[in-house]
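Hi everyone, thanks for making time. I'd like to walk you through one structure today, so have a look at it first and then we'll go around it together.

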Amino acid sequence: MLEIRWHSRAGQGAVTGAKGLGSVIAKTGKQVQAFAFYGSAKRGASMTAYNRIDDQPILNHEKYMRPDYVLIIDPGLAFTDNITANEKETTKYIITTHLSKEELIPLIPALKGREDRVFVVDCITIATETIGRPIPNTPMLGALMKVDGMFDIEYFKEAMQKELKKLPQKVKDANMIAIQRAYDEVR
């Protein structure tokens, strides 16, 4: 089973990103869960979202997981949340930041010794420059596609276009650019 934990602030699109990823994966015949856990329900409050993906029915419906991926879409949460909680020896971290990995890791003691499993990309800048709003969920999905390789990027963008069908074409196009940029820029 593949497990993904998102660290976000309410309003940054983590729930929508988790659900979008879940919908794309579900169309391949896999079993998927996408859900969230909110502390305060206010915009800006720290929250987590989750995905589980498996070929078999998923019977676990608890928020507890040992994530394969931890996606941090709010840079401040890398410093305040326990992002390494319940990690595996292989857990990979994709962190939204303007810092390089070499600058970031010394600032977060929990990440020391995990340098080869930490990836950085500035999803907020990408979202602001492409979509016009600091909603970093789709860029984070582009970075995940690069790091994990679960889908070819062109297939994923086409599938996400369908998931975003209710949005104006201009917004869908901007999201596709954001996904591609994050895919290209993640380090």
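What covers the buried residues of H1? Before I get to that, a quick reminder that we're looking at a predicted model.

Okay, H1. The cover over its buried residues includes three strands, S1 (2-9), S2 (31-38) and S3 (46-54), along with helices H5 and H6. The buried residues themselves are Ala14, Val15, Gly17, Ala18, Gly20, Leu21, Gly22, Val24 and Ile25. As for length, H1 has 13 residues, so at 1.5 Å a residue it should span 18 Å, and the C-alpha atoms at its ends are indeed 18 Å apart.

Let's stay with S3 for a second, since Aspartate 54 lies in that strand. Is Aspartate 54 buried or exposed? Its relative accessibility is 18%, and the cut-off for buried is under 20%, so Aspartate 54 counts as buried. If we skip residues up to four places away in sequence, Aspartate 54 touches Met1, Lys30 and Gln31. Glutamate 3 is 51 residues from Aspartate 54 in sequence, yet their C-alpha atoms are 8.9 Å apart in space.

Now over to H6. Its buried residues are Ile153, Phe156, Lys157, Ala159 and Met160. They take up an arc of only 165° around the axis, so they sit on the same side of H6. What covers them includes H1 (14-26), H5 and H7. There's also a cap at the N-terminal end of H6: a side-chain oxygen of Aspartate 152 lies 3.1 Å from the backbone nitrogen of Glutamate 154.

Next up is H7, residues 169-185. How far apart are its end C-alpha atoms? They're 24 Å apart, which agrees with the 24 Å that its 17 residues should span at 1.5 Å each. Buried along H7 we find Lys172, Ala174, Asn175, Met176, Ala178, Ile179, Gln180 and Ala182. Their cover includes strand S6 (118-121) plus helices H4 (123-130), H5 (137-148) and H6 (153-163).

That brings me to the empty space. The largest pocket has a volume of about 490 Å³. It's lined by 22 residues, and the closest to its centre are Thr16, Asn137, Thr138, Leu164 and Leu167. Which helix gives the largest share of that lining? It's H1, with four residues. H1, H5, H6 and H7 each supply at least two.

Leucine 167 also makes a handy landmark for our next stop, Glutamate 102. The two are 65 residues apart in sequence, and from C-alpha to C-alpha they're 38 Å apart in space. You'll find Glutamate 102 in helix H3, residues 101-104. With a relative accessible area of 61%, Glutamate 102 is exposed.

Last stop: Threonine 91. You'll find it in the loop between helix H2 (77-80) and strand S5 (92-96). How much of Threonine 91 is accessible? Its relative accessible area is 0%, so Threonine 91 is buried. Setting aside neighbours within four places in sequence, Threonine 91 is in contact with Pro67, Asp68, Tyr69, Val70 and Arg117. Proline 67 has its backbone oxygen 2.6 Å from a polar atom of the Threonine 91 side chain.

That's the tour. Happy to scroll back to any part of it.

Terms used
Residues numbered from 1 in each chain as written. Predicted model: local features only at pLDDT ≥ 70, side-chain atom pairs only at ≥ 80, totals over all residues. Heavy atoms only, no water. Buried < 20%, exposed > 50% of the residue type's maximum accessible area, 1.4 Å probe, protein only. Polar contact = N/O pair within 3.5 Å; in protein donor to acceptor, adjacent residues only side chain to side chain. Contact = heavy atoms within 4.5 Å. Expected span 1.5 Å × (residues − 1). Arc of directions from axis to C-beta. 1 Å grid on protein atoms, 1.4 Å probe; cavity = no way out; pocket = protein on both sides within 12 Å on 5 of 7 lines; lining within 4 Å. Points joined across faces, edges and corners; volume = space filled by probe spheres on them.
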